[in-house]
Amino acid sequence: MQRDEILNRELEQFLTNYSDNEIRITYKRSGTFTGKITREGFDRLVNDPRVKEIRQEYTEIGYASVDTSVPLINATTTWNLGYSGTGIKVCIIDTGVNATHPFLNGKIADQYCFCSTINDTSNYCCPNHHEEDTSAKDDNGHGTHVAGIIASQNKTYKGVAPNATFYVVKVLNSSGSIDVWNDLAKAIDWCRINKNADVISISIDTKTIYPDVSSCPSEPPTDAINDAYNAGIPVFIASGNGYSQAGVSYPACSPKAIAIGSSKKDDEFDSQTNRNSWRPTILAPGYGIFSAKWDPNGIARLGCQSLSDKYLYLC
């Protein structure tokens, strides 16, 4: 934290030399920033000897990528040994959550929204139509489904870590997409800094496939994942649903990410899971999973690798 504070103070001092008409900052972290700049501001940055690197912001769109699956991973046996998530803080980054769903009622300790992507209504995608909100109300359903896999209190569709503490961050809009990647970086930082999470779960992928670390984009979420890793927080990320055998999506390709692929009940690869000889790191059930449905308050069946990493939070 001390290093970050020093770098951020130096950054603030650096930015005092630039006017709001030259640079409009959208995100800052550890001596770096993202923003919108004018031609005049760009020319000044290029010629500023204090600037190490300038990159164009990553603009690809990312997407939101129990009753039989819980016994499949021997969760009931693990529960009987006393491992049911007690004392573990899980932070879920997705489309938000229906915190009043009967499966989840009382289980969401806190929530937040960083959602600058535009919704179909031409508003920012947080519930208050701004870029940030203290509510992470789900308007898509994927996040609630994901939360149910981990946290559900229902006897039939019980979550894999029902006694864990849960935090939810909304970064995806009502269509389940993101195009402002700074939001994901902010969400990861919120889980790490504000909530001191033990585990971070991200169900976001891109259509572009990356075969190795060297080809993976180096963007603010990658830095945030690295910081979480360095703080001892594993970041589980879906490998993607693109049916590719040439690699995985972003941000699962990030160096310190734990990329999760989907398996079926016969423990074979789910064909839609992005993969190659390098990643995913691990497989877990992700095909035909029953869990909480956001509205109405029932259950729904989904199948994709973005559900798989939710089976790794028992201890």
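Here are some questions and answers about pockets, aromatic rings, cores and backbone features in this predicted model.

Q: What volume does the largest pocket have, and which residues lie nearest its centre?
A: Let's start with the open space in the model. The largest pocket has a volume of about 1200 Å³. Its lining is made up of 31 residues, and those nearest the centre are G31, T32, F33, E53 and R55.

Q: Which elements give two or more residues to the lining of the largest pocket?
A: The 31 lining residues can be traced back to the secondary structure. Two helices and two strands qualify: helix 1 (2-15), strand 1 (23-29), strand 2 (32-37) and helix 7 (220-230).

Q: How many nonpolar, polar and charged residues line the largest pocket?
A: The lining of this pocket, whose volume is about 1200 Å³, can be sorted by residue class. The count gives 10 nonpolar, 10 polar and 11 charged residues.

Q: Which residues lie nearest the centre of the second largest pocket?
A: The second largest pocket holds about 320 Å³ of space. Strand 1, strand 2 and helix 6 (182-194) each supply at least two residues of its lining. Of the 15 lining residues, the ones nearest the centre are T26, K36, S116, E131 and V180.

Q: How many charged residues line the second largest pocket?
A: This lining has 15 residues. Two of them are nonpolar and five are polar. The charged residues number eight.

Q: Is the pair of F14 and Y18 stacked or tilted?
A: A pair of aromatic rings is described by the distance of the centres and the angle of the planes. For F14 and Y18 the centres are 5.3 Å apart and the planes meet at 40°. Stacked pairs need planes under 30 degrees apart, and edge-to-face pairs need over 60. The F14 and Y18 pair is therefore tilted.

Q: Are F14 and Y18 buried or exposed?
A: A residue counts as buried when its relative accessible area is under 20%. F14 has 11% relative accessibility, and Y18 has 9%. Both residues are therefore buried.

Q: Which residue lies over the face of Y18?
A: Y18 is the ring that pairs with F14, and a charged side chain also sits at its face. The distance from the ring centre is 4.2 Å, and the residue is R44.

Q: How is the pair of Y112 and W190 classed, stacked or tilted?
A: The ring centres of Y112 and W190 are 6.0 Å apart, and their planes are at 25°. That angle is under 30 degrees, so the pair is stacked.

Q: How many residues apart in sequence are the parts that Y112 and W190 tie together?
A: Y112 belongs to strand 5 (residues 108-114), while W190 belongs to helix 6. W190 is also buried, at 6% relative accessible area. The pair ties together parts whose separation in sequence is 78 residues.

Q: Which residues form one aromatic cluster?
A: The model has five aromatic pairs, and the stacked pair of Y112 and W190 is part of the cluster. Its members are Y112, F114, Y167 and W190.

Q: Which element gives the largest share of the largest nonpolar core?
A: In soluble globular proteins, nonpolar side chains tend to be buried together. Here the largest nonpolar core has 35 residues, with I93, V169, I188, I200 and I202 making the most contacts inside it. Among the elements that supply at least two residues are strand 4 (89-94), strand 7 (165-170) and strand 9 (199-202). The largest share, six residues, comes from helix 6.

Q: Where is P280 found, and which residue does a cis peptide bond join to it?
A: P280 is in the loop between strand 12 (258-263) and strand 13 (282-285). The cis bond has an omega of about 15°, and the residue joined to P280 is R279.

Q: Is Y243 buried or exposed?
A: Y243 is in the loop between strand 11 and strand 12, and its phi is near 60°, a positive value in a residue other than glycine. Its relative accessible area is 53%, and the cut-off for exposed is over 50%. Y243 is therefore exposed.

Q: How many residues of helix 5 are buried?
A: Helix 5 covers residues 142-151 and is largely enclosed by the rest of the structure. Among its buried residues are H142, V146 and A151. The buried count is 10 of the 10 residues.

Definitions and conventions
Residues are numbered from 1 along each chain as its sequence is written. This is a predicted model: local features need pLDDT of at least 70, side-chain atom pairs count only at pLDDT 80 or more; totals for chains, interfaces and linings use all residues. Side-chain values use heavy atoms; hydrogens and water are left out. On a 1 Å grid over the protein atoms alone, a cavity is a set of points where a 1.4 Å probe fits but cannot get out, and a pocket is an open set with protein on both sides within 12 Å along at least five of seven lines; lining residues have an atom within 4 Å of a point. Grid points are joined across faces, edges and corners, and a volume is the space filled by probe spheres set on the points. Helices (H or I, at least four residues) and strands (E, at least two) are DSSP runs, numbered from the N terminus. Ala, Val, Leu, Ile, Met, Phe, Trp, Tyr, Cys and Pro count as nonpolar, Asp, Glu, Lys and Arg as charged, and the others, Gly among them, as polar. Rings of Phe, Tyr and Trp (its six-membered ring) pair if their centres lie within 6.5 Å; planes under 30 degrees apart count as stacked, over 60 as edge-to-face and the rest as tilted. Buried means under 20% relative accessible area, exposed over 50%, partly exposed in between (1.4 Å probe, protein chains only). A charge sits over a ring if NZ of Lys or CZ of Arg is within 6 Å of the ring centre and within 35 degrees of the ring normal. A nonpolar core is a set of buried Ala, Val, Leu, Ile, Met, Phe, Trp, Tyr and Cys residues joined through side-chain atoms within 4.5 Å.
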